[in-house]
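Here's a short set of exercises to work through with the viewer open. Try each task before you read its solution.

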Amino acid sequence: MLYEQIKKANIQAMKDKDNVARSFYSVLLNKIMLENIKKREKGAEVDDSDIANILQKTVKELDEEKENYQKVGNSEEVANITRQIELAKSYLPKQLSEQEIKNIILSLEDKSIPSVMKHFKANYNGKCDMKQVQEVLKSL
């Protein structure tokens, strides 16, 4: 499971005294634990697709943070955040391309927005950005 891989990487970062990776894994593990608490209240467990969603959100947050540091000219923090983004992306599954999303939408019988979004959430959760799905759907 993805969670176990992240825990092992966190331990390895501690052993290597890699502060950038260590801080990233700590934040990521905390986010996963919070999601796990929410899921347990509903009687479920966190699975790899939930972790992939957390990773996608984390990458978006890090991108925004990186842009802010670039604006103020802090190149050291930009380098650290770039490394954290690379670490996060290494755990993400291969994302669907725009053309693959388009082909999936065209193969569906019901192409209404709620139906398409529900289909992607159920079958491709963590493998595509839902915002990109919405944009492709609107362009059709």
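## Exercise 1: A lysine on α6

**Task.** Is K121 buried or exposed?

**Solution.** K121 has a relative accessible area of 52%. The cut-off for exposed is over 50%, so K121 counts as exposed. This is a predicted model, by the way, so treat each value here as computed from predicted coordinates. Next, place the residue: K121 sits in helix α6. Finally, look across the fold: S49 is 72 residues away from K121 in sequence, yet the two C-alpha atoms are 10 Å apart in space.

## Exercise 2: Two sides of a helix

**Task.** Which residues of α6 are buried, and how are they arranged around the helix axis?

**Solution.** Start with the list: across residues 113-123, helix α6 has V116, M117 and F120 buried. Now look down the axis: these buried residues fall within an arc of 95°, so they line one face of α6. Then ask what that face meets: the buried residues pack against α5 (98-107) and α7. Last, flip the helix over: the face turned away from the buried side carries P114, K118 and A122, which are exposed.

## Exercise 3: The largest pocket

**Task.** What lines the largest pocket, and which helix gives the most to its lining?

**Solution.** Some background first: rolling a probe the size of a water molecule over the atoms shows where empty space is left. Here the largest pocket comes out at about 460 Å³. Its lining is made up of 19 residues, with D50, N53, I54, Q56 and K57 nearest the centre. Sort the lining by class and you get 10 charged, 5 polar and 4 nonpolar residues. Now sort by helix: α2 (19-41), α3 (48-72) and α7 (130-139) each supply at least two residues, and α3 gives the most, with 8.

Zoom in on one of the central residues. Q56 belongs to helix α3 and is buried, at 15% relative accessible area. Its side chain makes a polar contact with the side chain of Q95, at 2.9 Å. Setting aside neighbours within four places in sequence, Q56 is in contact with L92, Q95, G126 and C128.

## Exercise 4: The second largest pocket

**Task.** How do the residues lining the second largest pocket split by class?

**Solution.** The volume of the second largest pocket is about 160 Å³. Its lining residues include S23, F24, K31, E61, E65 and Q84. Helices α2, α3 and α4 (75-89) each supply at least two residues of that lining. By class, the split is 4 nonpolar, 4 polar and 4 charged.

## Exercise 5: An unusual phi

**Task.** Where is K17, and what is the sign of its phi?

**Solution.** K17 lies in the loop between α1 (2-15) and α2. Its phi is positive, about 55°, although K17 is not a glycine. For context, most residues other than glycine have a negative phi. As for accessibility, K17 counts as exposed at 70%.

## Exercise 6: The whole chain

**Task.** How many helices and strands does the protein chain have?

**Solution.** Count the elements: 7 helices and 0 strands. For overall extent, the C-alpha trace spans about 55 × 40 × 20 Å along its principal axes. Burial comes next: 34% of the 140 residues count as buried. Finally, take the contacts with a separation of 6 or more: 59% of them are between residues 24 or more positions apart.

Notes
Residues are numbered from 1 along each chain as its sequence is written. This is a predicted model: local features need pLDDT of at least 70, side-chain atom pairs count only at pLDDT 80 or more; totals for chains, interfaces and linings use all residues. Side-chain values use heavy atoms; hydrogens and water are left out. On a 1 Å grid over the protein atoms alone, a cavity is a set of points where a 1.4 Å probe fits but cannot get out, and a pocket is an open set with protein on both sides within 12 Å along at least five of seven lines; lining residues have an atom within 4 Å of a point. Grid points are joined across faces, edges and corners, and a volume is the space filled by probe spheres set on the points. Helices (H or I, at least four residues) and strands (E, at least two) are DSSP runs, numbered from the N terminus. Ala, Val, Leu, Ile, Met, Phe, Trp, Tyr, Cys and Pro count as nonpolar, Asp, Glu, Lys and Arg as charged, and the others, Gly among them, as polar. Buried means under 20% relative accessible area, exposed over 50%, partly exposed in between (1.4 Å probe, protein chains only). A polar contact is a pair of N or O atoms within 3.5 Å; within protein, one must be able to donate a hydrogen and the other to accept it, and residues adjacent in sequence count only if both atoms are side-chain atoms. Contact means heavy atoms within 4.5 Å. The arc is that of the directions from the helix axis to the C-beta atoms.
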